[in-house]
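Subject: A structure for you to look at

Hi,

Here is the structure I promised to pass on. Have it open while you read, and turn it around as you go.

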Amino acid sequence: MHLSEGQVNKETIRSFLAWLDKATEAELEAKRMEIQAAFPRVSSREGGANLNLALRLLEALARLSPRKLGER
C-alpha cells in the first residue's frame, strides 16, 4: 500500500483498515514511523493528505482499542 501516491481509492482504504484491525502493537508503531518518514518525500498536496489520514487512523485505533495498546 502506497498512501503517498496520488489519490487513495476505496479499496486501498479498506485494505488499510483490515490491516489496522489485525496489526500488532509493534506493527502499528513501525507503520507510524514509516508514514512519518515518508512526509519529506511527498511533494503533492494529495500525498500529504493521504499520509495525514493514515496517521489519524492509526492514532484513532490506538485510542479506541485497548487490545492495540498491549492487551492482546
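Below is what I found, going from the whole chain down to a few single residues.

First, keep in mind that this is a predicted model. The chain has three helices and zero strands, so reading along the sequence you get the pattern α-α-α. Of the 72 residues in the chain, 28% are buried. If you take the contacts between residues at least 6 apart in sequence, 60% of them join residues at least 24 apart.

**Helix 3**

Start with helix 3, which runs over residues 45-64. How far apart should its ends be? At 1.5 Å a residue, its 20 residues should span 28 Å, and the end C-alpha atoms are indeed 28 Å apart, so the two agree.

Now look at which of its residues are hidden. Gly47, Gly48, Asn50, Leu51, Ala54, Leu55, Leu58 and Leu61 are the buried residues of helix 3. They take up an arc of only 165 degrees around the axis, and therefore sit on the same side of helix 3. Turn to the other side of helix 3 and you'll find Arg45, Arg56, Arg63 and Leu64, which are exposed. As for what covers the buried residues of helix 3, helix 1 (10-22) and helix 2 (25-38) are included.

One residue here falls in between: Asn52, also in helix 3, has 40% relative accessibility, so it counts as partly exposed. Its C-alpha atom is separated by 9.1 Å from that of Phe39, and the two are 13 residues apart along the chain.

**Helix 2**

Helix 2 can be checked in the same way. It has 14 residues and reaches 20 Å from its first C-alpha to its last, close to the 20 Å expected at 1.5 Å a residue. Its buried residues are Leu28, Lys31, Ile35 and Ala38. Look down the axis of helix 2 and these fall within an arc of 90 degrees, which means they line one face of the helix. Helix 1 and helix 3 are among what covers them.

Lys31 deserves a closer look. Is this residue of helix 2 buried or exposed? Its relative accessibility is 16%, and buried means under 20%, so Lys31 counts as buried. Apart from its neighbours within four places in sequence, Lys31 is in contact with Phe16, Trp19 and Leu58.

**Where helix 1 meets helix 2**

The axes of helix 1 and helix 2 come within 8 Å and cross at roughly 135 degrees. That angle is why helix 1 is called oblique to helix 2. On the helix 1 side, the contact is made by Phe16, Trp19, Leu20 and Lys22, while helix 2 brings in Glu27, Leu28 and Lys31. Sorted by class, this contact of helix 1 with helix 2 has four nonpolar, no polar and three charged residues.

Finally, find Leu20 in helix 1. Its relative accessible area is 4%, so Leu20 is buried. How far is Leu20 from Leu61 in sequence and in space? They are 41 residues apart in sequence and 7.6 Å apart in space, C-alpha to C-alpha.

Have fun exploring!

Methods:
Residues are numbered from 1 along each chain as its sequence is written. This is a predicted model: local features need pLDDT of at least 70, side-chain atom pairs count only at pLDDT 80 or more; totals for chains, interfaces and linings use all residues. Side-chain values use heavy atoms; hydrogens and water are left out. Helices (H or I, at least four residues) and strands (E, at least two) are DSSP runs, numbered from the N terminus. The expected span of a helix is 1.5 Å times one less than its number of residues. Buried means under 20% relative accessible area, exposed over 50%, partly exposed in between (1.4 Å probe, protein chains only). The arc is that of the directions from the helix axis to the C-beta atoms. Contact means heavy atoms within 4.5 Å. Axes are lines fitted to C-alpha atoms, for helices over the stretch in contact, and angles run from 0 to 180 degrees between N-to-C directions. Angles under 35 degrees count as roughly parallel, over 145 as roughly antiparallel, 65 to 115 as roughly perpendicular and the rest as oblique. Ala, Val, Leu, Ile, Met, Phe, Trp, Tyr, Cys and Pro count as nonpolar, Asp, Glu, Lys and Arg as charged, and the others, Gly among them, as polar.
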